[in-house]
Amino acid sequence: FFSSRRRHTRYIGDWSSDVCSSDLEEIREMRKLANELFAAQSLQQMLEITQKMRDFYAYHVEKYPVVV
């Protein structure tokens, strides 16, 4: 899928520069939540972290809808 957000590329066809810094921040945040989920010590912690992940995902899906 493609995000509607405009990508800032330095060179046409240069996929290495096709990632925005905001994308990296979002990836770091989701990775942090995934690590917290993996380290959870109780079912309650797992449920709370899973809800954070759902909220994070829902916010970003609404903010950057998929263009088909």
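**Close-up 1. Glutamate 36 and lysine 32 lie 4 residues apart in helix 1 (residues 21–39), so about one helical turn separates them.** In this predicted model, the two residues form a salt bridge, in which the closest N and O atoms are 3.5 Å apart. Side chains of opposite charge can pair when their charged atoms come close. Glutamate 36 counts as partly exposed, because its relative accessibility is 27%, and lysine 32, at 44% relative accessibility, likewise counts as partly exposed. A search of the whole structure finds 1 salt bridge.

**Close-up 2. The largest nonpolar core consists of 5 residues, namely Leu33, Ala40, Ile49, Met53 and Phe56.** Helix 2 (residues 43–63) provides the largest share of this core, with 3 residues. When residues up to four places away in sequence are left out of the count, leucine 33 touches Ile49, Lys52, Met53 and Phe56.

**Close-up 3. Glutamate 26 is placed in helix 1 and is paired in this view with phenylalanine 56, a member of the largest nonpolar core.** Is glutamate 26 buried or exposed? Glutamate 26 counts as buried, because its relative accessibility is 17% and the cut-off for a buried residue is under 20%. Although glutamate 26 and phenylalanine 56 are 30 residues apart along the chain, their C-alpha atoms are separated by 9.0 Å.

**Close-up 4. Leu43, Met46 and Leu47 make a nonpolar surface patch of about 300 Å².** One of these residues, leucine 47, is found in helix 2, the helix that also contributes the largest share of the nonpolar core, 3 residues. For the protein chain as a whole, the exposed area comes to about 5900 Å², of which carbon and sulfur atoms supply 60%.

**Close-up 5. The protein chain, which sets the context for the preceding views, contains 2 helices and 2 strands.** Read from the N terminus on, these elements follow the order β-α-α-β. The protein chain has 68 residues, and 19% of them count as buried. Where contacts in the protein chain join residues at least 6 apart in sequence, 37% of those contacts are between residues at least 24 apart.

Conventions. Residues numbered from 1 in each chain as written. Predicted model: local features only at pLDDT ≥ 70, side-chain atom pairs only at ≥ 80, totals over all residues. Heavy atoms only, no water. Core = buried A, V, L, I, M, F, W, Y, C linked by side-chain atoms within 4.5 Å. Buried < 20%, exposed > 50% of the residue type's maximum accessible area, 1.4 Å probe, protein only. Contact = heavy atoms within 4.5 Å. Salt bridge = Lys/Arg side-chain N within 4 Å of Asp/Glu carboxyl O. Areas by Shrake-Rupley, 256 points an atom, 1.4 Å probe, with all protein chains shown as cover. Patch = residues over 30% accessible without salt bridge, like charges linked within 9 Å, V, L, I, M, F, W, Y side chains within 5 Å.
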